[in-house]
Amino acid sequence: MNLRKLILTENACYKAGKTIVPKGIMVHSTGANNPYLKRYIGPDDELLGKNPYSNHWNQERPDGRQVCPHAFIGKLADGSIATYQTLPWNHRGWHAGGSANDTHIGLEICEDNLTDASYFNAVYKEAIELCVYLCRLYNLTEKNIIGHSEGYKLGIASNHADVMHWFAKHGKSMDTFRVDVKKLLIEGDKSATEEKKKYYRVQIGAYTIKANAEAQLARAKKAGFTDAFIKTE
């Protein structure tokens, strides 16, 4: 995950200063054919690129609307994929159009023309990694992740089709998304367990003659115990 931060401090949502206890994550997509992050995030940090129309969302009410998610995923000026955090994770966002604003972190994936498999796979992977990061941060699981359209069916979000109008074109769904998040969470747990293994040092002898101790030390190092040493007592 290529995670960066540019908080939309000029947006009225940020200025409202309300906080939440995150209980879930809602995945959105922007609904416009523009995969570049500079469309929504500004000013240019020398990675985003300049938005010639200055219609990014770092203003009071972008396009006259009350909108502001916690993060965007899309292209930088050089075409590489990145995630930008745009609100503190525990800030009450304006992304769901319903009560999910009080409980969910909202992330927006910048859409293209919906047909580029390479771009889709890259942002899909980035979104999974962001969700894994947030799950670990707030003790959530894949079960706490929903799409905007699922939020509508649950009565906690407005009537939008995202992200299934896009995911389905590439053989994916929110179910496959959750499965992929779960896999990565499990892999991370296994790695953490391995790192926490304890190691017990074994003393292989004590000698009253220094030369004998040095000879044993040489044999130990030759056998691969490069951190072996002589301790005088």
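In which helix is F177 found? In this predicted model, F177 belongs to helix α5, which covers residues 174-195. The residue counts as buried because its relative accessibility is 0%, and the threshold for burial is a value under 20%. When residues up to four places away in sequence are left aside, F177 touches V27, Y124, A127, I128, C131, I145 and F167. A further relation links F177 to E142: the two residues are 35 positions apart in sequence, while their C-alpha atoms lie 8.5 Å apart in space.

The chain that holds this helix contains six helices and six strands. Read from the N terminus, the order of these elements is β-α-β-β-β-β-α-β-α-α-α-α. Of the 233 residues in the chain, 43% are buried. Contacts between residues at least 6 apart in sequence were also examined, and 72% of them join residues at least 24 apart. The accessible surface of the chain amounts to about 13,100 Å², and carbon and sulfur atoms account for 51% of this area.

Attention then turned to the second largest pocket, which encloses about 390 Å³ of space. This pocket is lined by 25 residues, and those closest to its centre are W57, R65, V67, E108 and H160. By residue class, the lining of the second largest pocket comprises eight nonpolar, twelve polar and five charged residues.

Notes
Residues numbered from 1 in each chain as written. Predicted model: local features only at pLDDT ≥ 70, side-chain atom pairs only at ≥ 80, totals over all residues. Heavy atoms only, no water. 1 Å grid on protein atoms, 1.4 Å probe; cavity = no way out; pocket = protein on both sides within 12 Å on 5 of 7 lines; lining within 4 Å. Points joined across faces, edges and corners; volume = space filled by probe spheres on them. Nonpolar A, V, L, I, M, F, W, Y, C, P; charged D, E, K, R; others polar. Helix = DSSP H or I, 4+ residues; strand = E, 2+ residues; numbered from the N terminus. Buried < 20%, exposed > 50% of the residue type's maximum accessible area, 1.4 Å probe, protein only. Contact = heavy atoms within 4.5 Å. Areas by Shrake-Rupley, 256 points an atom, 1.4 Å probe, with all protein chains shown as cover.
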